[in-house]
Amino acid sequence: MRKISLVVLSAILLSSCVSKKKYVALETENGQLKSELTKTRVENEELEAKFAKIQQRVDEYNNKINSLTEESNAKMVNVDGVVMSEDAKVKMRETLKNVPAEYLVGATTLKDSMNAAIAYNIKNSANDIDESDDIAVKVEETVVMISISDKMLFKSGSYKVTDKADAILQKIADVINSEESLDVMVEGHTDDKKMVENAAVKDNWDLSVLRATSVVKRLQNNFAVAPEKLIAAGRSFYQPLVDNDSAENRAKNRRTRIVILPNIDKFFALMDAEQ
């Protein structure tokens, strides 16, 4: 009986000893978890504080941007779908005062009116260009076209601009430079005669493009025309003035046409840039 009691008592004591060790281990683990949780909470609070400061700065910047936008919008007006400053609108009105009424016939929007005003100014500037059998100046709506016979610019079959062309090119450059908001297309036109076999210039496409490019380079390099205004184009013999059925008619078709086009969007941008 005593032996059984001792065995039972030993088992109870051994069981109590193991449970205490587990308890101590759990207590230790619990303490570590609490410590890590506290550390995480502190770090989280610090991050939230930093985020709040950043958000505050973002909100301040947004308020400044919105304030500037509202201020800018208050100074802008919308006229016929064109957004511009009040100062630019006043300048437009002053420009239009100097344009004869006949130039504004048919203008239904501000863009129409300003196109007409620019065309009027270009036409006035082009008055110094004397028309002849070799030079023709034509205005169609807002586009000014100056057609020059090839003998005024080149030797036969050549695309090199001659020095005698400088007088007319100087006058054309003066017209172009009188207005910033222009695009200028230089078109080369030929007759339908084929090139000499094995010549450096292969065909009329080549010749028309090379002549247009030569004139563009001359305007840029010799007469200070801004290159961003210039466009070089070759038409070959596919847009003749008359039939290529005689030497006289072929001579009429060999020409360089300079087309001066108002760029109204560029004009509006320049007006606002002057503020």
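**Fold, core and local contacts of the predicted chain**

Read along the sequence, the chain follows the pattern α-β-β-α-α-β-β-α-β-α-β-α-β-α, and in this predicted model the chain comprises 7 helices and 7 strands. Of its 275 residues, 30% count as buried, while the surface that the chain exposes amounts to about 18,100 Å², with carbon and sulfur atoms supplying 53% of that area. Among the contacts in the chain with a separation of 6 or more, 65% are accounted for by residues 24 or more positions apart.

One part of the pattern can be described in terms of its strand pairing. Strand S5, which spans residues 182–189, pairs with strand S6, residues 230–234, in the parallel sense over 5 bridges, and within this arrangement Met-185 stands opposite Ile-231 of S6. Together with helix H5, which covers residues 204–223, strands S5 and S6 make a β-α-β unit that is right-handed.

The nonpolar residues of the chain were examined next. In soluble globular proteins, nonpolar side chains tend to be buried together. The largest nonpolar core of the model holds 35 residues, of which Ile-129, Ile-146, Leu-169, Val-215, Leu-219, Ile-258 and Ile-260 touch the most other members. Two or more residues are given to this core by each of H3, strand S3 (135–140), strand S4 (143–149), helix H4 (166–177), S5, H5 and strand S7 (255–262), and it is H4 that gives the most, with 6 residues. For Leu-169, when residues up to four places away in sequence are not counted, the contacts are with Leu-153, Val-161, Val-215, Arg-218, Leu-219 and Phe-223; two of these partners, Val-215 and Leu-219, are themselves listed with Leu-169 among the core residues that touch the most other members.

A second local environment is that of Ser-113, which is found in helix H3, residues 110–125. With a relative accessible area of 14%, Ser-113 is classed as buried, because this value lies under the 20% cut-off. Leaving aside residues up to four places away in sequence, Ser-113 touches Leu-96, Leu-104 and Ala-107. The C-alpha atom of Ser-113 is separated by 9.3 Å from that of Val-99, a residue 14 positions away along the chain.

Note on methods. Residues are numbered from 1 along each chain as its sequence is written. This is a predicted model: local features need pLDDT of at least 70, side-chain atom pairs count only at pLDDT 80 or more; totals for chains, interfaces and linings use all residues. Side-chain values use heavy atoms; hydrogens and water are left out. Two strands pair if DSSP finds at least two bridges between them. Helices (H or I, at least four residues) and strands (E, at least two) are DSSP runs, numbered from the N terminus. A crossover is right-handed if, with the strands pointing away from the viewer, the path from the first strand over the helix to the second runs clockwise. Buried means under 20% relative accessible area, exposed over 50%, partly exposed in between (1.4 Å probe, protein chains only). Contact means heavy atoms within 4.5 Å. A nonpolar core is a set of buried Ala, Val, Leu, Ile, Met, Phe, Trp, Tyr and Cys residues joined through side-chain atoms within 4.5 Å. Accessible areas come from the Shrake-Rupley method with a 1.4 Å probe; for residues, only the protein chains shown count as cover.
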